[in-house]
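Welcome! Let us take a walk through this protein together, one stop at a time.

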Amino acid sequence: KSALGDNAGIEFVEETEGSFCNRWLTTILIDQDISGVDRETLRIAMEDDNIEIRPLWKPMHRQPVFRAAPFYYNGVSDLLFEKGVCLPSGSNMTDEQFTRVKRKLNYVLR
């Protein structure tokens with residue numbers, strides 16, 4: 001958060017009250033109207049520097065195998081998929097890798 005918190009239009013996905021997150025993934029939501037960047041533009045810009053970020057998981061109701069399956073829809077899963085990305089993270093990330101990712105994200109998001 002401290003590395004990216006000054007960028008307008010991004011929001012870290014927080015755990016809900018009463019839950020405990022293991023912090024397996026670091027995810028953000030991107031508000032294109034504020035940041036001027038959408039999820040796919042950010043993903044491609046990062047990929048150009050060989051840094052992988054990926055969209056949040058595609059909702060099951062949008063996957064071909066589940067096309068005919070019943071589902072309960074309120075729009076949240078589609079919103080998260082359209083605006084959300086998983087950032088590079090892991091316990092084996094070096095300081096140099098973290099700095100490289102942080103610099104590129106800040107460059108694209110400003």
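A salt bridge, as the term is used here, is a side-chain nitrogen of Lys or Arg within 4 Å of a carboxyl oxygen of Asp or Glu. Keep that in mind as you look at the model, which is a predicted one. A good pair to start with is D49 and K104, whose side chains meet in a salt bridge with an N to O distance of 3.2 Å. D49 sits in the loop between α2 (39-47) and β3, while K104 belongs to helix α4, so this contact ties together parts that are 55 residues apart in sequence. The two partners differ in how much surface they show: D49 is partly exposed at 35% relative accessibility, whereas K104 is buried, with 15%. K104 counts as buried because the cut-off for that word is under 20% relative accessible area.

Now step back to see the whole fold. The protein has four helices and four strands, and along the sequence they follow the pattern β-β-α-α-β-α-β-α. Measured out along its principal axes, the C-alpha trace spans about 45 × 30 × 25 Å. The protein has 110 residues, and 30% of them count as buried.

Back to the salt bridges, of which there are six by the rule given above. Another of them joins D78 and R62, at 3.1 Å from N to O. D78 is part of helix α3 and R62 of the loop between β3 and α3, so this pair links parts that are 16 residues apart in sequence. Here the acidic partner is the buried one: D78 has a relative accessible area of 10%, while R62, at 34%, is partly exposed.

Helix α2 (39-47) brings us to a group of charged residues. R39, E40, R43 and E47 are linked in a network of salt bridges. Within this network, the side chains of E40 and R39 meet at 3.8 Å, N to O. R39 is buried, with a relative accessible area of 15%, and E40 is partly exposed at 29%. R39 also leads us to another part of the chain: its C-alpha atom is 6.9 Å from that of E82, although the two residues are 43 apart along the chain. E82 is found in helix α3 and is partly exposed, with 47% relative accessibility.

What about the nonpolar side of the surface? M60, V65 and F66 form a nonpolar patch there, and together they have about 310 Å² of accessible area. V65 is located in the loop between β3 (54-55) and α3, the loop that also holds R62. With a relative accessible area of 69%, V65 is exposed; the word applies because the value is over 50%.

The last part of the walk takes us into the pockets. The largest pocket has a volume of about 680 Å³. Its lining is made up of 27 residues, and the closest to the centre are F12, L25, T26, T27 and L87. Three elements give two or more residues to this lining, namely β2 (26-30), α3 (76-83) and α4 (95-109). Which element supplies the largest share? That is α4, with four residues. Sorted by class, the lining holds 17 nonpolar residues, five polar and five charged ones.

The second largest pocket contains about 300 Å³ of space. It is lined by 15 residues, of which E52, L87, P88, S89 and M93 are the closest to its centre. L87 may look familiar, as it is also among the residues closest to the centre of the largest pocket. Two elements, β4 (84-87) and α4, each supply at least two residues of this second lining, and α4 gives the most, with three. By class, there are eight nonpolar, four polar and three charged residues.

To close the tour, look once more at helix α4. This helix gives the largest share of the lining of the largest pocket and also the most to the lining of the second largest one. Helix α4 is home to K104 as well, the residue whose salt bridge with D49 ties together parts that lie 55 residues apart in sequence.

Technical notes. Residues are numbered from 1 along each chain as its sequence is written. This is a predicted model: local features need pLDDT of at least 70, side-chain atom pairs count only at pLDDT 80 or more; totals for chains, interfaces and linings use all residues. Side-chain values use heavy atoms; hydrogens and water are left out. On a 1 Å grid over the protein atoms alone, a cavity is a set of points where a 1.4 Å probe fits but cannot get out, and a pocket is an open set with protein on both sides within 12 Å along at least five of seven lines; lining residues have an atom within 4 Å of a point. Grid points are joined across faces, edges and corners, and a volume is the space filled by probe spheres set on the points. Ala, Val, Leu, Ile, Met, Phe, Trp, Tyr, Cys and Pro count as nonpolar, Asp, Glu, Lys and Arg as charged, and the others, Gly among them, as polar. Patches are made of residues with over 30% relative accessible area and no salt bridge: like charges are joined within 9 Å, nonpolar side chains (Val, Leu, Ile, Met, Phe, Trp, Tyr) within 5 Å. Accessible areas come from the Shrake-Rupley method with a 1.4 Å probe; for residues, only the protein chains shown count as cover. Buried means under 20% relative accessible area, exposed over 50%, partly exposed in between (1.4 Å probe, protein chains only).
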